[in-house]
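User: Could you take a close look at one part of this model, the open sheet and the helices discussed with it, and describe how the pieces are arranged?

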Amino acid sequence: MRAGVAIVLLVVLAGCKREPETPALVLQSVPAPERLPAPALEPGRVSIRGDDALADVLSWTLPEADIDQPARARASARRALANGDLFETGESAIPLLLALRKLEPDNAQNARLLEKARAALLAQAWMALDAGDDLASLRYAQRHGTVLRTLWPELPEAKTYLEAVDRAGQAFDLCLAGERALRSGNLDAPGGALDLFRRAQALWPLQARAQRGIAAVESAVLMEAQALAAGGDFEGAYAELARAGKVRNDPEAVAATRQRIEAMRSDRIRRLSDEGLMALADPAGLQFARERLAEILRIALPGTGAGVALRQRIDLVGHYGLFRPGQVFTDEMPGGGRGPALSVLPRGGFAMGAPEDEEGASPDEQPQHQVRLDRGFAMTRHEITVGEFRRFVQATGFVPRATQRGHSLAYDARSGNFLRGSGIDWQSGYDGRPAADDMPVIHVTARDAEAYAAWLSAQTGAHYRLPSEAEFEYALRAGGQARYPWGAGAPPPGAGNLAGGRDVSARGRRWSNAFPGYGDGWWGPAPVGSFAPNPYGLYDMVGNVSEWVADCWHRGYRRAPANGQAWVNPGCRTRMYRGGSWASAPAQARSAWRMSGGVDATNARVGFRLVRQL
């Protein structure tokens with residue numbers, strides 16, 4: 001049985017309790033009600049006429065009336081007529097009056113009373129027929145028909161009534177058959193409940209049971225529509241709505257169900273979205289969230305924009321894990337400390353390298369080629385500092401390369417050159433003197449940087465590494481494609497720690513190859529974050545110190561990866577660093593500039609920053 005049919009049938013049968021076979025009916029003589037148009041009768045007789053109760057109804061015979069005194073019998077007939085007691089016993093009005101007519105065939109008073117009794121019988125019969133659509137009312141109406149057929153079969157009014165009660169009986173049988181079909185779920189197919197109820201209604205338009213049956217079919221279809229919607233089949237639900245609209249002309253019921261279905265749709269979409277968003281609290285829930293989004297898109301109406309928030313969050317998680325572009329965060333370290341501050345970079349693409357017509361470009365920076373980074377990544381906002389590197393060395397006992405060999409290249413203030421100095425290592429500044437903890441760590445190799453990244457990964461549970469050359473240039477350009485990170489011309493004030501024509505060393509030296517008219521107040525590296533960040537929230541990407549990247553040296557970009565990954569040859573001895581430094585010529589501050597150094601090389605101009613995978 002379809003969902004809801006059993007419940008709907010209770011509504012159809014409500015108020016149809018079996019009543020006594022012959023309910024008391026008291027009425028005065030009234031004219032018969034207006035006759036209904038008589039539709040064509042169904043051929044044959046229906047099943048209700050074969051039951052025992054109907055046999056009793058149809059077996060009425062005229063009761064004998066004993067009359068000793070006509071006047072007293074006439075008075076009794078008047079009282080019975082007034083009380084509506086017309087035919088059931090020998091004391092009823094009609095048996096008494098018929099007996100009086102035999103005794104006194106010429107008595108006009110008896111004839112008038114008998115005419116009144118016959119009119120009362122017709123009125124009572126019509127009222128019985130119109131009284132209801134339950135079995136007891138029908139039996140009572142059929143009982144009256146039996147009396148009329150027995151006593152006045154040729155009377156036109158009796159014939160009209162007998163035709164009506166016959167149609168009502170057939171309509172009642174059709175209603176019973178319709179209710180059985182309704183219980184079995186056979187709703188609107190040919191020969192089903194709707195067909196039977198409509199045939200009943202055509203036979204007897206006043207048959208309320210047929211009207212309720214048609215309404216029940218509609219309700220069953222509407223409940224089926226709601227059941228389908230509750231199960232997520234909204235296409236099927238709307239097919240059922242269209243089906244319900246053909247049952248009867250009741251647009252309000254269909255509209256109300258449509259509203260409920262749309263409420264179910266909205267609620268389901270909201271629940272699916274919440275489940276998807278909750279699943280995305282763990283990156284492992286990405287597939288589950290995608291399945292929820294697919295279900296939302298399946299059930300949503302076109303053009304509603306349902307699932308936009310979930311789709312956006314899935315895109316974020318798919319490309320950024322639990323983060324979002326522009327987010328700044330740190331990872332927790334053991335003992336309550338925090339790792340370096342990170343900024344989440346958006347995924348995207350750019351033209352890597354220098355175009356052929358760029359002034360100062362080198363063939364090593366060409367050919368310019370498209371690189372696409374499909375997944376976002378986080379980068380430390382500033383170069384790793386002396387203090388951050390110190391924490392690593394103290395925690396692990398790691399001995400960096402410059403410390404092992406006891407020297408590094410540093411700036412010599414007297415000569416203005418970079419010279420090898422003894423005792424210079426990661427704890428030293430650009431001039432060999434001790435460096436403050438907020439200065440970028442220099443005098444480190446690419447392998448020293450990778451050792452720090454491995455330690456930081458172990459401490460935080462995240463994956464830290466050197467950026468690829470493509471990732472560095474992407475972060476340096478920060479959405480631009482100009483010659484310099486800031487644009488095509490001279491650097492604006494505060495662009496970064498660059499070699500400027502206005503910069504002067506403690507000994508009064510000036511740069512021989514610098515940006516004319518530019519000065520930043522620093523001769524040597526500045527504390528990290530001393531200048532404004534770029535559009536990606538990264539400090540000192542241009543200037544301050546150059547930085548190691550993960551790539552090996554390759555002459556030019558032919559066959560370079562297009563996905564942003566590091567271009568690495570196992571066992572390579574020459575590594576890349578990118579980004580201009582505090583001592584770089586203007587050509588070395590270009591976005592496409594690149595330089596190589598040996599794996600053991602350390603100096604006062606190269607440090608590093610890290611990428612954290614999301």
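Analyst: **The sheet and its helices**

Ala 378 stands opposite Arg 612 in β13, where a strand is a DSSP run of E with at least two residues and a helix is a run of H or I with at least four, both numbered from the N terminus. The model is predicted, so local features need pLDDT of at least 70 and side-chain atom pairs count only at pLDDT 80 or more, while totals for chains, interfaces and linings use all residues. Residues are numbered from 1 along each chain as its sequence is written, and side-chain values use heavy atoms, with hydrogens and water left out.

Ala 378 falls within β5 (residues 377-380), which pairs with β13 (residues 611-612) in the antiparallel sense over two bridges; two strands pair if DSSP finds at least two bridges between them. Both belong to an open sheet of five strands, ordered β1-β2-β5-β13-β8, with antiparallel pairing. Its edge strands, β1 (328-329) and β8 (464-465), each pair on one side only.

Across β2 (342-345), β5, β8 and β13 lies helix α17 (residues 469-477), running at about 75 degrees to β5; such angles run from 0 to 180 degrees between the N-to-C directions of axes, which are lines fitted to C-alpha atoms, for helices over the stretch in contact, contact meaning heavy atoms within 4.5 Å.

Turning to another pair of helices, the axes of α14 (residues 386-396) and α16 (residues 446-460) come within 10 Å and cross at roughly 75 degrees. That crossing makes α14 roughly perpendicular to α16 (65 to 115 degrees; under 35 is roughly parallel, over 145 roughly antiparallel, and the rest oblique).
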